[in-house]
Amino acid sequence: MPVQTFDSPIGPLYVIADGDRISRFSFGPASAPDDPSDLTRKTEAWTRAYFEGGADPYELPLAPIDSPFQAKVRTAMLAIPFGQTRTYGDIAKDIDGNPRAVGQACGRNPIPLIVPCHRVLAAGGSLGGFSGGDGLPTKKKLLAHEARFAFTLTP
C-alpha cells in the first residue's frame, strides 16, 4: 500500500492509499516507510492548499466505510463549509441519529482533516473531543486556521 509522510504547519501528517482511494490520513509520522504514489502526492498537494486557505475535499477519492451510519456522518461532515462548524446535535437531527452516536462516528473518522471532524462541536459550541494530533489543542489550531481565511471565501 502506498504510504507517505509529509510536514504541515501542525506537524507531520501521513496518508495511506488502498488502490485508488485514501484509506487513512492521520497525524504524526507513518509507522511504515514511505512508498508514495500519485494519490499520496496529490493528497500532500491538497494538504498544502488546505493550509493556504482552503481545499475541496471532494477532489480526493476516499475509501468507502463499512457502516451506513458512519457513511451518513461522513457525508454530513464533508458538507460543512471551510471555516464553519456544526454540532453533533445538528448532524444527528439531519441524519436521524443521536448526538452521542455522531460523536462516536467522528472519533472513528480514519481520514481527519479531509473529512473535517474538527468542524463538529458539542452542544453550546464547546469543542467536544478530537482524536487527531494532540487532541483538543490540534482541533483549536485547525478551527483558528480556518477562521483566519473564512472571511475571504464566498459561498
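Asp96 is found in the loop between α3 and α4, where helices (H or I, at least four residues) and strands (E, at least two) are DSSP runs numbered from the N terminus. Before we work outward from there, some ground rules. This is a predicted model, in which local features need pLDDT of at least 70 and side-chain atom pairs count only at pLDDT 80 or more, while totals for chains, interfaces and linings use all residues. Residues are numbered from 1 along each chain as its sequence is written, and side-chain values use heavy atoms, with hydrogens and water left out.

**Exercise 1: two odd phi angles**

Work out what sign phi has at Asp96 and at Leu113, then say whether each residue is buried or exposed.

*Solution.*
Step 1. Start with the background: most residues other than glycine have a negative phi.
Step 2. Asp96, which comes after α3, goes the other way, with a positive phi of about 60 degrees although it is not a glycine.
Step 3. Leu113 also has a positive phi, near 80 degrees, and sits in the loop between α4 and β5.
Step 4. Now check accessibility: buried means under 20% relative accessible area, exposed over 50%, and partly exposed in between (1.4 Å probe, protein chains only). Asp96 is exposed at 74%, whereas Leu113 is buried at 1%.

**Exercise 2: which face of α3 and α4 is buried**

List the buried residues of α3 and of α4, and find out where they point around each helix axis.

*Solution.*
Step 1. In α3, the buried set is Tyr88, Ile91, Ala92 and Ile95.
Step 2. Looking down the axis of α3, these fall within an arc of 100 degrees, so they line one face of the helix; the arc is that of the directions from the helix axis to the C-beta atoms.
Step 3. Flip to the other side of α3 and you meet Lys93 and Asp94, which are exposed.
Step 4. Helix α4 (residues 99-107) buries Val102, Ala105 and Cys106. Down its own axis, the buried residues of α4 fall within an arc of 100 degrees, so they too line one face.
Step 5. Those α4 residues pack against α2 (68-78), α3 (88-95) and β5 (120-121).
Step 6. Take a look at the start of α4 as well: a side-chain oxygen of Asn98 comes to within 3.1 Å of the backbone nitrogen of Arg100.

**Exercise 3: how α4 crosses its helix partners**

Describe the packing of α4 with α2 and with α3, giving axis distance, angle and contacting residues.

*Solution.*
Step 1. Two packed helices are described by the angle between their axes and the distance between the axes. Axes are lines fitted to C-alpha atoms, for helices over the stretch in contact, and angles run from 0 to 180 degrees between N-to-C directions.
Step 2. For α2 and α4, the axes come within 10 Å and cross at roughly 80 degrees. That makes α2 roughly perpendicular to α4 (under 35 degrees is roughly parallel, over 145 roughly antiparallel, 65 to 115 roughly perpendicular, the rest oblique).
Step 3. On the α2 side, Phe69, Gln70, Val73 and Met77 make the contact (heavy atoms within 4.5 Å), and α4 brings Ala101, Val102, Ala105 and Cys106.
Step 4. Sorted by class, that is 7 nonpolar, 1 polar and no charged residues. Here Ala, Val, Leu, Ile, Met, Phe, Trp, Tyr, Cys and Pro count as nonpolar, Asp, Glu, Lys and Arg as charged, and the others, Gly among them, as polar.
Step 5. For α3 and α4, the axes come within 8 Å at roughly 105 degrees, so this pair is roughly perpendicular too.
Step 6. Tyr88, Gly89, Ile91, Ala92 and Ile95 of α3 meet Pro99, Val102, Gly103 and Cys106 of α4. The class tally is 7 nonpolar, 2 polar and no charged residues.

**Exercise 4: threonines in α1**

Which residues do Thr40 and Thr43 touch, not counting residues up to four places away in sequence?

*Solution.*
Step 1. Place Thr40 in helix α1 (residues 38-51), where Thr40 is buried at 0%.
Step 2. Thr40 touches Pro2, Val3, Gln4, Val15 and Ala17.
Step 3. The Thr40 side chain makes a polar contact with the side chain of Gln4 at 2.8 Å, and reaches the backbone nitrogen of Ser37 at 2.8 Å. A polar contact is a pair of N or O atoms within 3.5 Å; within protein, one must be able to donate a hydrogen and the other to accept it, and residues adjacent in sequence count only if both atoms are side-chain atoms.
Step 4. Thr43 is in α1 too and is likewise buried at 0%. Thr43 touches Phe6, Val15, Ile22, Phe25, Leu60 and Ile114.
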